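Trainee: I should like to understand how the terms used for a ligand site are justified. May we go through them with a structure in view?

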Amino acid sequence: MSQLALFDTAGVVLPEDEYGSFVYTPEWLPPLFAEAWFEELRDTIDWQAQRRLMYDRELDVPRLTAHFELALAPPLLQDAGERLSASVGVAFNSVGLNRYRDGNDSVAPHNDHLDELEPGAPIALVSLGATRRMTLRRKGKNQPALHAELEAGSLLLMSYETQLHYTHGIPKTTEPVGERISLAFRVKGPGDERLQAIRRRQYR
Ligand SMILES: O=C(O)CCC(=O)C(=O)O
């Protein structure tokens with residue numbers, strides 16, 4: 001089987017093992033809040049359309065983005081960060097926002113930059129707006145794709161270890177789909193020294 005549905009709507013988990021864990025909580029945020037947060041962020045954030053160098057060509061990043069240190073973020077995001085830190089027990093200090101305008105917007109399979117993250121700290125993804133499918137895949141040859149439908153108000157908690165062993169991404173879709181905003185909360189820090197050394201060697 002090449003595709004597996006990872007979570008059911010009861011909020012199930014890819015359980016903790018040596019490769020980490022994914023924990024999905026539907027309605028982490030009540031629907032009225034999820035709607036209000038979506039509208040406020042869509043209308044007030046200074047969304048950036050970025051271009052990035054890929055394979056020697058400059059391409060549009062296929063989504064709008066924004067990023068804040070939590071202490072300097074707009075009040076709604078600081079409030080979101082405080083709720084999340086209280087609910088997860090982790091002192092998040094950074095939030096990255098992604099706005100997927102339609103099915104053409106996406107994020108390619110990737111793992112987060114571990115050299116910028118506090119070792120051991122999870123990454124928390126809060127979804128607002130339209131449901132989009134996330135694809136998770138263990139690194140290595142011929143690993144099956146796992147799918148999670150990320151609904152408005154849901155929280156997906158990805159443990160630090162998953163960033164070593166899995167990629168995650170939001171593929172494009174030809175199905176008609178509304179706008180989605182995701183909030184990616186992280187604990188930014190100097191990161192793992194070993195990973196920093198590898199990165200320094202790569203960019204010399
Ligand atoms: O939109 C999402 O849920 C995923 C975002 C993501 O992978 C990222 O910001 O690195």
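Mentor: The following exchange concerns a predicted model and takes up the ligand, then the pockets.

Trainee: What makes a residue count as one of those around the ligand?

Mentor: The criterion is a heavy atom within 4 Å of the molecule. The residues that meet it are N98, Y100, H110, D112, L125, M134, L150, H168, I170, R180, S182 and R186.

Trainee: Why is the pair between N98 and the ligand called a polar contact?

Mentor: A polar side-chain atom of N98 lies 3.0 Å from an oxygen atom of the ligand. The limit for a pair of N or O atoms is 3.5 Å, so this pair qualifies. By the same limit, H110 qualifies because an N or O atom in its side chain is 2.9 Å from a ligand oxygen. R186 places a polar side-chain atom 3.1 Å from an oxygen atom of the ligand, and therefore also makes a polar contact.

Trainee: How much of the ligand's accessible area does the protein cover?

Mentor: On its own the ligand has 290 Å² of accessible area, and the protein covers 94% of this.

Trainee: What is the basis for saying that the ligand sits in the largest pocket?

Mentor: The test asks that more than half of a molecule's atoms lie within 2 Å of the pocket's grid points. The ligand is assigned to the largest pocket, which means that this test is met there.

Trainee: Which elements give two or more residues to the shell around the ligand?

Mentor: They are β6 (94–100), β12 (166–170) and β13 (180–186). Of the elements, β13 gives the most, with three residues.

Trainee: Why are three residues of the shell classed as charged?

Mentor: Asp, Glu, Lys and Arg count as charged. D112, R180 and R186 belong to the shell, so these are the three charged residues, beside five nonpolar and four polar ones.

Trainee: What is the volume of the largest pocket, and which residues are closest to its centre?

Mentor: The largest pocket holds about 1200 Å³ of space. Among its 42 lining residues, R52, R63, H110, D112 and H113 are the closest to its centre. β5 (57–69) contributes the most to this lining, with eight residues.

Trainee: How do you know that the lining of the second largest pocket has five charged residues?

Mentor: This pocket, of about 200 Å³, is lined by T131, R132, R133, E149, P171, K172, T173, E175 and V177. Arg, Glu and Lys count as charged, so R132, R133, E149, K172 and E175 make up the five. The others divide into two nonpolar and two polar residues.

Notes:
Residues numbered from 1 in each chain as written. Predicted model: local features only at pLDDT ≥ 70, side-chain atom pairs only at ≥ 80, totals over all residues. Heavy atoms only, no water. Polar contact = N/O pair within 3.5 Å; in protein donor to acceptor, adjacent residues only side chain to side chain. Areas by Shrake-Rupley, 256 points an atom, 1.4 Å probe, with all protein chains shown as cover. 1 Å grid on protein atoms, 1.4 Å probe; cavity = no way out; pocket = protein on both sides within 12 Å on 5 of 7 lines; lining within 4 Å. Helix = DSSP H or I, 4+ residues; strand = E, 2+ residues; numbered from the N terminus. Points joined across faces, edges and corners; volume = space filled by probe spheres on them.
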